[in-house]
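Please open the model in the viewer and keep the selection panel at hand. The tour proceeds by selections, each followed by a description of what is found there.

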Amino acid sequence: MTRIALQSLRKEYAGQVAIPDLSLEIGDGEFFTLLGPSGCGKTTLLRMIAGFNSIEGGTISFDGTVINDRPPAERNIGMVFQNYALFPQMTAAKNVGFGLQTRRIPRAEADARIARALESVRMAHLGDRLPGQMSGGQQQRVALARALVIEPAVLLMDEPLSNLDAKLRVEMRETIRQVQHEAGITTVYVTHDQEEAMAVSDRIAVMNLGVVQQVGTPAEIYRRPANRFVAEFIGKTNLLERDLRWQDGRATVEMGPGVSIDVTGLVDPATQGRVQVSVRPEAVSVAAEGVPAEVLDETFLGSHSQVRARLASGEMIEFLEFSQQSSSLKPGVQLRLAIETHQLTVFDPDSGASVARGASA
Ligand SMILES: Nc1ncnc2c1ncn2[C@@H]1O[C@H](COP(=O)(O)OP(=O)(O)OP(=O)(O)O)[C@@H](O)[C@H]1O
Ligand SMILES: [Mg+2]
C-alpha cells in the first residue's frame, strides 16, 4: 500500500510546457483515474510517476519519501499499456513470470505466484498459450497478471482497454476493478473515456491542457462540475444562455416563459446578469407543465430515445425519453418540458467557472 503525493509538478518537452504546475494526492489502495482529452498530459504524468520522464519542477513522493531521482526499476511499479507489450515467443505463464526471474524469486514460489496471478485474471486455463493464440482481451489479462505478479507498490495503467471492442471493454473494466480491489494496490489509471473512468474509479482528476480541472468521486464530478469544461467532458449537457435575477432576496433564472427556477450556493453573492445553465439530458422530461418546446427529431436507442427539441428562445435542448409511447414525439409536436432543478449547474459565461447550482424544488 502506497500513498502518492505530487507537488507542484512541472513538465517541459524541449522548452514547451506540457504540465505547468500540478498537485495531487492519491490515497493508499485508491483507484485514481486521470481523465481528459487527447494531449492533455495524462501519459506524460503517468510516465513521470513511473520514472520514465524527466521532471522540470516539483516533487513526487511515495509514502512521504521524495522519489524524483529514484530510477524506474527501484520504484516497485507495475505497468499495463494500451498495446499489451507481451513477448510474442513466450507463453502466457512465461510472460507473467518474466518480472520474477529478474527479481531472482525461487522457482517454486515463482510458479505459485504465476498461478495465482493468472487465476486472478481468470486465465489459469490458458497459461500455455502464446500471445498470437490469444484474443486481445486475453492478452490484456495476461499483461495485467504480469504487472500484478511482482506485487508492486503502485499499479499504473495507460488506456489498457482502448484496443478492445466495446463489449470486451466493459467486461475487462469490471475485471480490472475487481482485481485491483482484491489486491488493494494504489492504482493510477489513464483514460479519455469518461464512462470507463466513472465505472472503475474511486476518484477522478479531470485534466485539460496539463491542468487539473477538478478532483472528485465520479458522482461529485458528474453532479457538481467545477466548470464548463468538466460539465461538457463528463457526459452530455445542454448549455442554455440565461439571466440570473434577484427577486425578493432569491436568485432566480427564467428557464422559459413563466418558468423560473431558484438557484443556490452562489460562489459570489453579488452574481447577476448573463449566465450559462447546464442541464443534463436526463434532468428533462415531458410533462403537463413546464418549458414549452417543439420536437425536432427523435433517435430510438433501444431502452430509451434521445429527443431534440427547440425552446422558445430558439435554443436546442436534448433529453431522454424512457416511456414506450415515444412514437408520439414526432417532429413538429409541441410539448412542455419539466426540468429537475437540483441537477442544474450555473456557469459564468466568460470564465466557465461554476457560480451556483439549481435549488431543490
Ligand atoms: N516526447 C515528447 N516530446 C515532445 N512533446 C511531447 C512528448 N510527449 C508528449 N508531448 C506533448 O505533451 C502533451 C501531452 O501529451 P500526452 O502524451 O501526455 O497526452 P495524453 O493526455 O496522454 O494524450 P492521449 O489521450 O492522446 O494519449 C502533448 O501536447 C504532446 O504533444
Ligand atoms: Mg496518452
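Leaving aside its neighbours within four places in sequence, with which residues is Arg280 in contact? This is a predicted model, and the tour begins at that residue.

**Stop 1: Arg280**

Select Arg280 together with Gly235, Thr237 and Gln343; these three are the residues in contact with Arg280 once neighbours within four places in sequence are set aside. Arg280 sits in the loop that joins strand E14 (273-279) to strand E15 (284-287). Because 22 other C-beta atoms lie within 10 Å, Arg280 is classed as buried; the threshold for that class is 20 or more. Now add Leu239 to the selection. Its C-alpha is 8.8 Å from that of Arg280, although the two residues are 41 apart in sequence.

**Stop 2: the whole chain**

Zoom out and display the protein chain as a cartoon. The chain contains 8 helices and 21 strands. Its C-alpha trace spans about 75 × 45 × 35 Å along the principal axes. Of its 361 residues, 37% count as buried. Among contacts with a separation of 6 or more, 67% are between residues 24 or more positions apart.

**Stop 3: the surroundings of ligand 1**

Select ligand 1 and then the residues around it. The shell consists of Tyr13, Ala18, Gly36, Ser38, Gly39, Cys40, Gly41, Lys42, Thr43, Thr44 and His192. Which helix gives the most to this shell? It is helix H1 (residues 42-50), with 3 residues. Colouring the shell by residue class gives 3 nonpolar, 7 polar and 1 charged.

**Stop 4: helix H2**

Select helix H2 (residues 92-102) and show its side chains. The buried residues here are Ala92, Ala93, Asn95, Val96, Gly97 and Leu100. These buried residues pack against H3 and H4, the pair to be visited next. Before leaving, select Arg104, just after H2, where phi is positive at about 55°.

**Stop 5: helices H3 and H4**

Two packed helices are described by the angle between their axes and the distance between the axes. Select helix H3 (residues 107-120) and H4, which pack at an angle of about 135° with their axes 9 Å apart. The two helices are therefore oblique to each other, since the angle does not exceed the 145 degrees beyond which a pair counts as roughly antiparallel. H3 passes H4 in a right-handed crossing. To see the contact, show Arg113, Ile114, Ala117, Leu118 and Ser120 of H3 with Ala145, Leu148 and Val149 of H4. These residues divide into 6 nonpolar, 1 polar and 1 charged.

**Stop 6: helices H4 and H5**

Keep helix H4 (residues 136-149) in view and add helix H5 (residues 166-183); their axes are 11 Å apart and form an angle of about 15°. H4 is therefore roughly parallel to H5, as angles under 35 degrees are counted that way. The crossing of H4 past H5 is right-handed. On the H4 side, select Gly137, Gln140, Arg141, Leu144 and Leu148; on the H5 side, select Leu168, Met172, Thr175, Ile176, Val179 and Ala183. This contact comprises 7 nonpolar, 3 polar and 1 charged residues. Leu148 of H4 takes part in the contact with H5 and also in the contact with H3.

Is Leu168, within H5, buried or partly exposed? Leu168 counts as partly exposed because it has 16 C-beta neighbours inside 10 Å, and 20 or more would be required for a buried residue. Add Gly136 as well: its C-alpha lies 9.0 Å from that of Leu168, with their positions 32 residues apart in sequence.

**Stop 7: two loop residues with positive phi**

Finally, select Asp63 and Glu159.

- Asp63 belongs to the loop between strand E4 (57-62) and strand E5 (65-66). It has a positive phi of about 50° although it is not a glycine. With 13 other C-beta atoms within 10 Å, Asp63 is partly exposed.
- Glu159 is in the loop between strand E7 (154-158) and H5. Its phi is near 45°, again a positive value in a residue other than glycine. Glu159 is partly exposed, having 19 other C-beta atoms within 10 Å, where a buried residue needs 20 or more.

Conventions:
Residues numbered from 1 in each chain as written. Chains lettered and ligands numbered in written order. Predicted model: local features only at pLDDT ≥ 70, side-chain atom pairs only at ≥ 80, totals over all residues. Axes fitted to C-alpha atoms, helices over the stretch in contact; angles between N-to-C directions. Helix = DSSP H or I, 4+ residues; strand = E, 2+ residues; numbered from the N terminus. Parallel < 35°, antiparallel > 145°, perpendicular 65-115°, else oblique. Left-handed = near helix turned anticlockwise from the far one by under 90°. Contact = placed C-beta atoms within 7 Å. Nonpolar A, V, L, I, M, F, W, Y, C, P; charged D, E, K, R; others polar. Near = placed C-beta within 6 Å. Buried ≥ 20, exposed ≤ 12 C-beta atoms within 10 Å, placed from the backbone.
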